[in-house]
Each structure stands twice: as structure tokens, then as C-alpha cells.
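Me: Could you take a close look at one helix of this chain with me, and at the way its neighbours pack against it? I would love one connected account rather than a list.

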Amino acid sequence: MSSFFNVDNKLFSTLGKVWDLILLNLIWMGFCTIWFFILFQFIPQSSAAVGMLLLFLIQGITIGPATTALYYTIVKVVRRERGYILQQFMRSFKLNFKQGAIIGELYMIASYILGIDYQYAKMLTNQGSKFGIIYQAVANAVVIILIVTLVYIFPVLSRFSMKKVSEVFKTALMMGVRHFPYTILLILLLGVSVLGVYIFPPAILLIPAPCCLLMSFLIERVFKKYMPKSEGNSEETGKDEWYLE
């Protein structure tokens, strides 16, 4: 009976990880929606459409760094049991804020432009123009590239140090193409999660962190192929190589 109340008991350990995921999800949601609460009160009702567009585009400023921090914290704290949730989340958020914000904004802008492109292609197709089919095919190719890089890019940013955003994109695309079977599984996981939130919007309060956790089991397998070999015992080197475990 005493083992049941032991804090090292598997049940308590599992419950602790569940709580960590719930907390992480709330923190991530808070950072992703902060601009909505800041700017919503300043947007006049007469320009609601323009205001919502502005809110959509500006969300990328924090979505990028927050998603990077989400992956970093899930692997380091939830899986490797190093440090504390808020401490490690904020560490990664601050460290990767600049590049994460740029990448997040690029994805938001690209998704908006592609939305317009699809509408334009549909209009051309309805008018009987063959150019509409070509235009849509090009847009589809761009979407595929963006999705392939999306499942890797924020984890890559959380793990590897790169001076240029273009290097992060190239690395994410390279991994996505080179490890295509993993990429397909990652896209399916992400797609099912997005579909779940689409069908039941309140699920966004619970789904992102567990989805990121499941994706991390595949992504970490890919990362191990690109990580340096361990330098030895952590007690001897003084370095905690948690990412190599």
C-alpha cells in the first residue's frame, strides 16, 4: 500500500506528465493568442474585417517562438525530466524569439497569400481558363513544401543553432524529404489534430501539447542522425547532454 503513495509510483508519474501537458498547452495558448487580447480592444467595429486580418497576420510573432518552446519543453522536461515547465519554456521562447517570430510570420503571410491564390485559380477555372489549372497546381506544390517543412521547422529551431532563417528552412526541408516516411506520419498526426480542433474547437485547449509529444517520438529519431556523439559521462564532462538520451 505504501508504494501506491510513493511519488515515484508510475501512476503519480503519469499523472504528473498529464498535468505538465495541460499546463504547457495553456501556456502555449496564452502566448499564441496574446495579440488577440491586446489588439481586439483597439479595433473599431467599422473596420472589423481589416482588424481580423491584422490579428491573423500578427499572431505569427508569438506563435513561432511559442511552438518552438513547446517542442523544446516537451522533450526536455516531459520526456527527459530536466528542469521545470515554465522555466524551460521561457528560456527557449526568449532564446529563439527573433527567428521564431520571422518564421511564424512567413507562414502566416504565406497562408494568406495562398488563400487568395486558390480563390483566383478557382475563378479562372470557372471561366474555362487552362491557366487556372496550372496556377492551382503551382499553389498546391507550394502548400506541400510548406507542410513538409512545417512539421520539422520549429523542432529544428529548438535544437540546432543557425544564424540565418533560410538555413532553418533548408534543414527542415532536407529532413522532410530525406526522411519521407516519417514526414508522412508526422503530417497525418498533425492533420488529425487539426481536424479534431476543427470539428470541436474547444479541443484546442487539450490537443496541441499531446500532439507535439507524439510527434516528438518520430522527430527525435530523425534528429539523432544529425546530433554529435556523446562526449562521455556527464559527471566527467560537466555537460548535461539530455538531447542525446
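Reply: Happy to! A short definition helps with what follows: helix axes here are lines fitted to C-alpha atoms over the stretch in contact, and the angles between their N-to-C directions run from 0 to 180 degrees. Please also keep in mind that this is a predicted model.

Let me set the scene before zooming in on helix α6. The chain has 10 helices and zero strands, so its pattern along the sequence is simply α-α-α-α-α-α-α-α-α-α. Of its 245 residues, 38% count as buried. Among contacts between residues at least 6 apart in sequence, 70% join residues at least 24 apart. Helix α6, covering residues 130-159, takes part in three helix pairs that we can visit in turn: with α3, with α5 and with α9.

Let's start with α3, which spans residues 60-79. The axes of α3 and α6 come within 8 Å of each other and cross at roughly 70°. An angle from 65 to 115 degrees counts as roughly perpendicular, and that is why α3 and α6 are described as roughly perpendicular to each other. As for handedness, α3 passes α6 in a right-handed crossing. On the α3 side, the contact is made by G64, T67, T68, Y71, Y72 and V75. Facing them from α6 are F154, P155, L157, S158 and R159. Sorted by class, the residues of this contact divide into six nonpolar, four polar and one charged.

One of the α3 residues in that list, G64, deserves a pause. G64 has a relative accessible area of 0%, and since buried means under 20%, it counts as buried. Leaving aside residues up to four places away in sequence, G64 touches G100, G104 and F154. F154 belongs to the α6 side of the contact just described, while G100 and G104 fall within the range of helix α5, residues 97-126. The C-alpha atoms of G64 and Q99 are separated by 8.1 Å, although these two residues are 35 apart along the chain.

Q99 also leads us to the loop that follows α6. K163 sits in the loop between α6 and α7, and its C-alpha atom is 8.9 Å from that of Q99, with the two positions 64 residues apart in sequence numbering. In contrast to the buried G64, K163 counts as exposed, at 83% relative accessibility.

Now for the pairing of α6 with α5. Their axes come within 9 Å and cross at roughly 160°. Angles over 145 degrees count as roughly antiparallel, and α5 and α6 are therefore roughly antiparallel to each other. This crossing is left-handed, whereas the one between α3 and α6 is right-handed. By class, the contact of α5 with α6 has 19 nonpolar, eight polar and one charged residues.

The third partner is α9, residues 208-223. The axes of α6 and α9 come within 11 Å and cross at roughly 65°, in a right-handed crossing. From α6, the contact is made by V151, Y152, P155, V156 and R159, and from α9 by M215, I219, E220, V222 and F223. Its residues divide into eight nonpolar, no polar and two charged.

R159 is a good place to bring these threads together. R159 lies in helix α6 and appears in the contact with α3 as well as in the contact with α9. With a relative accessible area of 13%, R159 is buried. Its side chain makes a polar contact with the side chain of E220, at 2.9 Å, and E220 is among the α9 residues that meet α6.

One last stop lies just beyond α3. E81 is found in the loop between α3 and α4, where it is exposed, with a relative accessible area of 55%. Most residues other than glycine have a negative phi. E81 is not a glycine, yet it has a positive phi of about 55°, and that makes it a nice residue to inspect in the backbone once you have followed α3 to its end.

Notes:
Residues numbered from 1 in each chain as written. Predicted model: local features only at pLDDT ≥ 70, side-chain atom pairs only at ≥ 80, totals over all residues. Heavy atoms only, no water. Helix = DSSP H or I, 4+ residues; strand = E, 2+ residues; numbered from the N terminus. Parallel < 35°, antiparallel > 145°, perpendicular 65-115°, else oblique. Left-handed = near helix turned anticlockwise from the far one by under 90°. Contact = heavy atoms within 4.5 Å. Nonpolar A, V, L, I, M, F, W, Y, C, P; charged D, E, K, R; others polar. Buried < 20%, exposed > 50% of the residue type's maximum accessible area, 1.4 Å probe, protein only. Polar contact = N/O pair within 3.5 Å; in protein donor to acceptor, adjacent residues only side chain to side chain.
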